[in-house]
Amino acid sequence: MIEVKNLVKKYGNHTAVDNLSFTVESGKIYGFLGPNGAGKSTTMNIMTGYIGATEGDVLIDGHSISNEPEEAKKHIGYLPEIPPLYMDMKVLEYLKFAAELKGIKKGKRAKAIEEAMNLTKLNDVSGRLIKNLSKGYKQRVGLAQAVLGLPDIIILDEPTVGLDPKQIIEIRDVIKKLGKKHTVILSSHILQEVSAVCDEVMIISHGQMVACDTPDNLEKIMEDTSKITIKVKADKNTIERLLNQIPDIGNTEYRENAEGGLTEVTITTKVNVDVREKLFHLFADNDVALIEMYSFKMSLEDVFLKLTSGSKKEVGKVMKANRQKNIEETSDDDSKNDEEVETEDEQ
Amino acid sequence: MNAVYKRDLKSYFNSMIGCLYIAFIVALVGIYFSFYNMKSGYPYFGDVLNSVAYIVFLALPMLTMRSFSEEIKSKTDQILYTSKVPVGKIVIGKYLSMVTVFTIPILILCFCPLIISAFGSHDFRTDYSCILAVFLIGCAYIAMGMFISSLTESPIIAAVITFAVLLVLQLMTGLTSFIPSSEIGSFIGCLIAVIVAGLIYYSLAKNGFMAAVLVVIAGIALTVVYIVKSSLFANLLPTFLNKIPLTQSLNNFSLKTFDVTAIIYYVSVGCMFIFLTVQSIQKKRYS
């Protein structure tokens, strides 16, 4: 378990990490999400003991990284943003060096290296010089170094940057595999990656945590309202008259002659209210053809953009609002239904 | 520590720099040895070694330039500092690997007195104490080069600065003739040194008040000493500066004196720079 307590890192006048606190539980995959310069790498560098914090502390399984670094670092495997590879070494040679550096006992080294190489599929290149490897393989050597000796906590800083799609999928599979037994923290600014791999997402902006939840919950939390778009074979007045019969409907936007004489309506309702069934019956009962209906869902991308855009002050505001929302959320959690994106077609 | 030592040592021979340095030193001393000792029949190897020692030292930046700056540049220092090996041990591992490379040509030079002894009169004691002195000075300079390398992320800058410092040390005797040897001159020189020390303290500790207080106290103390006994300042700066270069006492060894003070001086300079390297790395990580 990792506890990050009121972490502050200042570079001169610039505050890279601003009073960041969070707890990471064992056996889960965490995603660190944030735009460039949000303080992801700095936080990771402090967590792994590469640099010191200006204020605050990080506890790894109860050991402080600043006061008991040796005990704390034992539990961590770290792949920095740029893999720390010695170009003049061969892959196997490098992993042997890393194993020795990590203090893996001599008898267990060969096995640990073999395990790491199998996991990252490095067996074919074990005898090659690192400088002659492709970027993907270099990344894998870095990953192998991080998972060497299978530490409890594996921290990966943008593990898939610069890889081709096939390699990205391979690395993701490795991460998923690791996540079954270990705590994995990975940072990324690629949203699909985080939502595909992680159990929990922490969104960081301007060195502050703006949200921390599962990818699904984050999408839900950020929805103030839900929107439904329908395409109907009728004119605006008819539709307006019909929609007035449903009390839950808020704003409506009309776009006439959308395609083939259809009228497109975007309906805004309160969150948690699903009017799709009512709409279906309404139009069916009145013999009006409902051609298309789909509900908008705020994607993780929208959440991310909403949370991370804007100045530091705004981020603080969003943070406060989110906390408030989280509290309300937990109080009436049962009443909330899962929403799914559905498309209903009616001929 | 072992892991860092082995990796660095291997890297010196992978990258040819180690081989190049050894070849350079052996060839250089070999030329002098064959000319003076072999051809001219001069039986003292120590003297010959003293006359080439400065080139041996001036080539040391070749070894030390990459030690830390290359790691900082390629970000490989991350694997070192996030491992559970303490920084002190990493520094010592790296230092020992450089010392090992430096030891190889020194060991080869140890054969020279033996070769001389095969042809008649010889003085093993003086020759080997000279070799020991050169080795220890080299070790101290390696520590200094390593410290300079830990300050920058460019091996070239590290090499140039180390070379410049070594050159200034080498030319110190000549340079001190420019410094006033009068009492007032030395007094002013000491005051300037105190102010510079105060500025360094301020830049490190960021405590202006404390720096000012220290400078004022030291200044008053100097003035009092100057007023009470100004003869103390006569020739003070040149004498002091002349004592700094490590090579200054090298002559004592070839004059058949085993200078223990000098040995202690070499070792303590080496230790000081190892300590400073650790401090400079820690400062970088925590600021």
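Let us walk through three parts of this predicted model: a strand, a cavity and a single lysine.

We begin with strand β7 of chain A, which covers residues 153-157. Is this strand buried or exposed? Of its 5 residues, 5 are buried, so the strand is largely enclosed by the rest of the structure. Now look at where the residues point. A:Ile153, A:Ile155 and A:Asp157 face one way from β7(A), while A:Ile154 and A:Leu156 face the other way. This is a pattern worth remembering: in a regular strand, side chains alternate between the two faces of the sheet. Here, the residues pointing in either direction are all buried.

Next, let us meet the neighbours of this strand. Strand β6 of chain A, residues 76-79, pairs with β7(A) in the parallel sense, over 4 bridges. If you look for A:Leu156 in β7(A), you will find A:Leu79 standing opposite. Strand β8 of chain A, residues 183-188, is also parallel to β7(A), and 5 bridges join the two. One place to spot this pairing is A:Ile153, whose bridge partner in β8(A) is A:Thr183. How does the chain fit together around these strands? Helix α6 of chain A, residues 165-179, joins β7(A) and β8(A) in making a right-handed β-α-β unit.

Helix α6(A) also leads us to our second stop, the empty space inside the model. Rolling a probe the size of a water molecule over the atoms shows where empty space is left. Counting cavities of 30 Å³ or more gives 2, and the largest cavity holds about 60 Å³ of space. Which helix gives the most to the lining of this largest cavity? The answer is α6(A), with 3 residues. Helices α4 (106-120) and α5 (135-147) of chain A, like α6, each supply at least two residues of that lining. Among the lining residues you can find A:Leu119, A:Arg140, A:Glu170 and A:Val174. By type, the lining divides into 4 nonpolar, 1 polar and 3 charged residues.

Our last stop is A:Lys5, in strand β1 of chain A, residues 2-11. With a relative accessible area of 40%, A:Lys5 is partly exposed, because that value falls between the 20% limit for buried and the 50% limit for exposed. Which residues does A:Lys5 touch, leaving aside neighbours within four places in sequence? A:Lys5 is in contact with A:Leu20, A:Ser21, A:Gly56, A:Asp57 and A:Leu59. Try finding A:Asn19 as well: A:Asn19 and A:Lys5 are 14 residues apart along the chain, and their C-alpha atoms are separated by 7.9 Å.

Note on methods: Residues numbered from 1 in each chain as written. Chains lettered and ligands numbered in written order. Predicted model: local features only at pLDDT ≥ 70, side-chain atom pairs only at ≥ 80, totals over all residues. Heavy atoms only, no water. Buried < 20%, exposed > 50% of the residue type's maximum accessible area, 1.4 Å probe, protein only. Pairing = 2+ DSSP bridges. Right-handed = clockwise from strand over helix to strand, strands pointing away. 1 Å grid on protein atoms, 1.4 Å probe; cavity = no way out; pocket = protein on both sides within 12 Å on 5 of 7 lines; lining within 4 Å. Points joined across faces, edges and corners; volume = space filled by probe spheres on them. Nonpolar A, V, L, I, M, F, W, Y, C, P; charged D, E, K, R; others polar. Contact = heavy atoms within 4.5 Å.
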